[in-house]
Amino acid sequence: MDTIKRCRGYPKPSPDLSPLTTSTSLTETVNGSHDFKISGYSLAKGMGIGKYIASDTFMVGGYAWAIYFYPDGKSLEDNATYVSLFIALASEGADVRALFELTLLDQSDRGRHKVHSHFERALESGPYTLKYRGSMWGYKRFFKRSLLETSDYLKDDCLSIKCCVGVVKSCTEGPKVYSIAVPPPDISKHFGNLLQSEKGSDVSFEVDEEVFAAHKLVLAARSPVFRAQLFGPFKDKNTHRIKVEDMEAPVFKALLHFIYWDALPDMEELVGLNTKWASTMMAQHLLAAADRYALERLKLLCEAKLCEDISINTVATTLALAEQHHCFQLKDVCLKFVASPENLKAVMETDGFEYLKESCPSVLTELLQYVARIGEHSVITCGYGKLTLLDGSDVNRRRVKPRLY
């Protein structure tokens, strides 16, 4: 029988055979800020102790935040002697650690701002911790109200507040095993070149007397509508040349560009007009086309562009499109814009508003409710309480199609 030799202790590893490994823990803040303007301060006074005006929510470090201003103070014991100011966590979170800075801006241009800040100073207990949604940091006695009302912080019955948030984030970094530079994906470039060259194309589309060559497999892979049209049990009889009705050639060209490139084309170049209006018109048409062919990403890209380009002359038509194509986020942005007191009268005088009344009468009811809500709570100008967004559930299926020029 073999015997086992017992060793006392373990041999020490040779330094040459034990490579040193390292890691680093990095803790830093992800910073962001929000400017909050309060118009009509004198009207907000007297709303009641503990009642507040809230800013819109804003994102910093992956969490939503909001500023709360109490014109009559937050505590009954102060008997409305002070105004109160707080920053609150507005999203779900557990033990969110952050630094804060609340600033009441001096509006005399002398730079004598009233600042309460965690930044650039040592804190005995470290960053402040908020444990749940609604947790607050701030001051019950931020400013004595009688002094505030005779100061340079109040101008034209308006206050300006700036809030900075620094969310504390930690991560541990180890050594990199390799450092090979990998280029970004470029598959869309190859598909885009395929569209431009027309090599291997096996289907063509006739749109407003123009013909576009394409590839069935690419179209079917990108759009369930094209897949059914080209390969489904009820596919078109002639799948080599298909006539597209109710769409203009520049719009179909933009649609193909997205299908192959996975990006929006230059709208103004397609239309041939170097104007913001032309770009907006193209985005409106392309949104309808995206909905028609079930291209959800394209639809969202068009929604985002229309939100950026919203204006007095185009908002009513965009609102009608949002209603008809179930774009609830875009619809809510349009309703906010139209319902604001400085825009409502001008929008009602546009041709687009007349079209909106005829094609989407149900939206007018929602608009009136929105205007009434603003009148009751001053949501747009002061942000009282919490803004409730419209859900847009009452929709019809009629299509808006303003002509491109």
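**Exercise 1. In which loop is Asp246 found?** State also its backbone setting and its degree of exposure.

*Solution.* The model considered here is a predicted one. Step one is to place the residue: Asp246 belongs to the loop that runs between strand E13 (241–244) and H6. Step two concerns the backbone: Asp246 is not a glycine, yet its phi is positive, at about 60 degrees. Step three is the accessibility: the relative value for Asp246 is 63%. Because exposed means over 50% relative accessible area, Asp246 counts as exposed.

**Exercise 2. Carry out the three steps of Exercise 1 for Asn79.**

*Solution.* Asn79 sits in the loop between strand E4 (63–70) and strand E5 (82–89). Its phi is positive, about 55 degrees, although Asn79 is not a glycine. With 61% relative accessibility, Asn79 counts as exposed.

**Exercise 3. Describe the protein chain as a whole.**

*Solution.* Begin with the secondary structure, which comes to 15 helices and 13 strands. Turn next to burial: of the 405 residues in the protein chain, 42% are buried. The accessible surface of the chain comes to about 23,900 Å², and carbon and sulfur atoms hold 52% of that surface. Finally, consider the contacts with a separation of 6 or more: residues 24 or more positions apart account for 70% of them.

**Exercise 4. Examine helix H6: its span, its buried residues and the residue just after it.**

*Solution.* Helix H6 covers residues 249–261, which is 13 residues. From first C-alpha to last, H6 reaches 18 Å, close to the 18 Å expected at 1.5 Å a residue. The buried residues in H6 include the aromatic side chains Phe252, Phe258 and Tyr260. Also buried in H6 are Ala249, Val251, Ala254, Leu255, Leu256 and Ile259. Just after the helix comes Asp262, with a positive phi of about 60 degrees.

**Exercise 5. Examine helix H8 in the same manner, and determine whether Met282 is buried or exposed.**

*Solution.* Helix H8 (residues 276–292) has 17 residues. The distance from its first C-alpha to its last is 25 Å, close to the 24 Å expected at 1.5 Å a residue. The helix is mostly covered, since 13 of its 17 residues are buried. Met282 is found in H8. Its relative accessibility is 0%, so Met282 counts as buried. The C-alpha atom of Met282 is separated by 8.3 Å from that of Pro250, and these two residues are 32 residues apart along the chain. After H8 comes Ala294, whose phi is positive, near 55 degrees.

**Exercise 6. Establish how H8 and H9 are arranged, and which residues meet.**

*Solution.* First, take the geometry: the axes of H8 and H9 are 9 Å apart, and the helices pack at an angle of about 150 degrees. That angle makes H8 roughly antiparallel to H9, because angles over 145 degrees count as roughly antiparallel. The crossing in which H8 passes H9 is left-handed. Next, take the contact. On the H8 side, the residues are Lys276, Ser279, Thr280, Ala283, Gln284, Leu286, Leu287, Ala290 and Asp291. On the H9 side, they are Leu298, Lys299, Cys302, Glu303, Lys305, Leu306 and Glu308.

**Exercise 7. Locate Glu296 and classify its exposure.**

*Solution.* Glu296 lies in helix H9 (residues 296–308). Its relative accessible area is 47%, so Glu296 is partly exposed. The C-alpha atoms of Glu296 and Ser223 are separated by 9.3 Å, while the two residues are 73 residues apart along the chain.

**Exercise 8. Describe how helix H11 packs with H10 and with H12.**

*Solution.* Start with helix H10 (residues 315–324): its axis and that of H11 come within 9 Å and cross at roughly 150 degrees. H10 passes H11 in a left-handed crossing. Here Val315, Thr318, Leu319, Ala322 and Glu323 in H10 meet Leu330, Lys331, Cys334, Leu335, Phe337 and Val338 in H11.

Continue with helix H11 (residues 328–339) and helix H12 (residues 341–348), whose axes are 5 Å apart at a packing angle of about 95 degrees. H11 and H12 are therefore roughly perpendicular to each other. Phe337, Val338 and Ala339 of H11 make this contact with Pro341, Asn343, Leu344 and Val347 of H12.

Methods. Residues are numbered from 1 along each chain as its sequence is written. This is a predicted model: local features need pLDDT of at least 70, side-chain atom pairs count only at pLDDT 80 or more; totals for chains, interfaces and linings use all residues. Side-chain values use heavy atoms; hydrogens and water are left out. Helices (H or I, at least four residues) and strands (E, at least two) are DSSP runs, numbered from the N terminus. The expected span of a helix is 1.5 Å times one less than its number of residues. Buried means under 20% relative accessible area, exposed over 50%, partly exposed in between (1.4 Å probe, protein chains only). Contact means heavy atoms within 4.5 Å. Accessible areas come from the Shrake-Rupley method with a 1.4 Å probe; for residues, only the protein chains shown count as cover. Axes are lines fitted to C-alpha atoms, for helices over the stretch in contact, and angles run from 0 to 180 degrees between N-to-C directions. Angles under 35 degrees count as roughly parallel, over 145 as roughly antiparallel, 65 to 115 as roughly perpendicular and the rest as oblique. A crossing is left-handed if the near helix is turned anticlockwise from the far one by less than a right angle, and right-handed if clockwise.
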